[in-house]
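Visitor: Show me the model, please, and tell me where each label comes from.

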Amino acid sequence: MKFYIIIPAHNEAQFLGLTLESLVNQSLLPSKIIVVDDNSTDETAAIVQNYAEKHEFISLVTKKSDAIHLPGSKVIQAFQEGLQHINDDYDFIAKFDADLIFPSNYIETIIKHFESDEKIGMAGGFCYVEQNGHWILENLTDKDHIRGALKAYRKETFQQIGGLQAQMGWDTVDELLCKFYHWKIKTDESLHIKHLKPTGANYNKIARYKQGEAFYTLGYGFLITAIASLKLAMRKGKPLLFLDYIKGFWKAKRENKTMLVTPEQAIFVRKYRWRKIKEKLF
């Protein structure tokens, strides 16, 4: 089974070596790792080159783009650049972040999940962050959701959902489209991945409305957006983010932002979200 990995990286010299070291020490090695150095000004490229010299399945791709890090655009544009440098001869493809440390059995376990059920279209473990010397679950999402930092897809699933879309919400719409096309999503709580940099650490102030914009483009509608916004703001421990998310939703609606889903898919998304909300309430 061929497992390809694409790692977008922008100024990740502090952590990238740890990520690559954890991947070259896997019990089952990936067939290919492409690191896309997106306009870094630090030693990111040199670190990749060092690993590429020792491991033939690792290669470096360089990309020049704006240094501004807005969620969902820069990272996926870099991922898409990586796609241009691989062949179509893979079984599974993963988008990993450059600030993760994977357990040595990660890839082997993920592939076993895919092999266990041909309807599993996505699989992943859970991110843990360090607090006061302890690694604790980075509890920003439900446990049936795979974090954007470590997405792995079956080839057929990846192609059917249209790949990854370069705007915020990409790591939610991929799962919603999986469900729309009747694929299963597998999360494995036994796989603990160390997330070395807090989510959103590089985002600037412009990004604060982006989450609300994402809720709009996912076809949530206002009521579901309000519920999702409140839930996410409370999980982040910053209740006032709720207002930013709501402002972002209305801003996107006024500007008629491009949707991530078709009208038919939007109906499915709203029905699915309401069903999930009712399950939690009752």
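Guide: Let's start with contact, which means heavy atoms within 4.5 Å. A bit of housekeeping too: this is a predicted model, so local features need pLDDT of at least 70 and side-chain atom pairs count only at pLDDT 80 or more, while totals for chains, interfaces and linings use all residues. Residues are numbered from 1 along each chain as its sequence is written, and side-chain values use heavy atoms, with hydrogens and water left out.

Visitor: Okay, which residues does Leu 29 touch?

Guide: Leaving aside residues up to four places away in sequence, Leu 29 touches Leu 23, Val 24 and Phe 57. Leu 29 sits in the loop between α1 (16-24) and β2; helices (H or I, at least four residues) and strands (E, at least two) are DSSP runs, numbered from the N terminus. The C-alpha of Leu 29 is also 8.1 Å from that of Glu 108, though the two are 79 residues apart along the chain.

Visitor: Is Leu 29 buried or exposed, and how do you know?

Guide: Neither, really. Buried means under 20% relative accessible area, exposed over 50%, and partly exposed in between (1.4 Å probe, protein chains only). Leu 29 comes out at 43%, so it is partly exposed.

Visitor: What makes something a nonpolar core here?

Guide: The recipe is a set of buried Ala, Val, Leu, Ile, Met, Phe, Trp, Tyr and Cys residues joined through side-chain atoms within 4.5 Å. The largest one has 69 residues, and those with the most contacts inside it are Phe 3, Ile 5, Ile 7, Ile 33, Ile 93, Phe 96 and Leu 150. Strand β1 (residues 3-9) gives the most to this core, six residues. At least three residues come from each of domain 1 (3-195) and domain 2 (206-279).

Visitor: Where do those domain bounds come from?

Guide: From an automatic or database domain assignment. The C-alpha centres of the two domains lie 24 Å apart, and 19 residues of domain 1 are in contact with 22 residues of domain 2. About 1800 Å² is buried between them, with 66% of that from carbon and sulfur atoms; buried area is the accessible area (1.4 Å probe) that two parts lose on being put together, summed over both.

Visitor: How many disulfides are there?

Guide: Zero. A disulfide is a pair of cysteine sulfur atoms within 2.5 Å. The sulfur of Cys 127 is 18 Å from the closest cysteine sulfur, in Cys 178, so that is too far for a bond. Both cysteines are buried: Cys 127 has a relative accessible area of 1%, and Cys 178 has 0%.

Visitor: What makes you say strand β6 is enclosed?

Guide: Count the buried residues: 10 of the 12 in β6 (residues 120-131) qualify, so the strand is largely enclosed by the rest of the structure.

Visitor: Which strands does β6 pair with?

Guide: Two strands pair if DSSP finds at least two bridges between them. With β9 (residues 184-195), β6 runs parallel over seven bridges, and Tyr 128 has Lys 194 as its bridge partner there. With β8 (residues 150-154), the pairing is antiparallel and has two bridges, one partner pair being Met 122 and Tyr 153. With β7 (residues 134-137), β6 is antiparallel over four bridges, and Tyr 128 stands opposite Leu 137.

Visitor: What sits between β6 and β7?

Guide: The two strands form a hairpin with two residues between them, and Asn 132 in the turn has a positive phi of about 55 degrees.

Visitor: Why is a positive phi worth flagging?

Guide: Because most residues other than glycine have a negative phi. Asn 11, in the loop between β1 and α1, is not a glycine yet has a positive phi of about 55 degrees. Asn 256, in the loop between α9 (241-254) and α10 (263-281), has one of about 50 degrees. On accessibility, Asn 11 at 30% counts as partly exposed, whereas Asn 256 at 59% passes as exposed.
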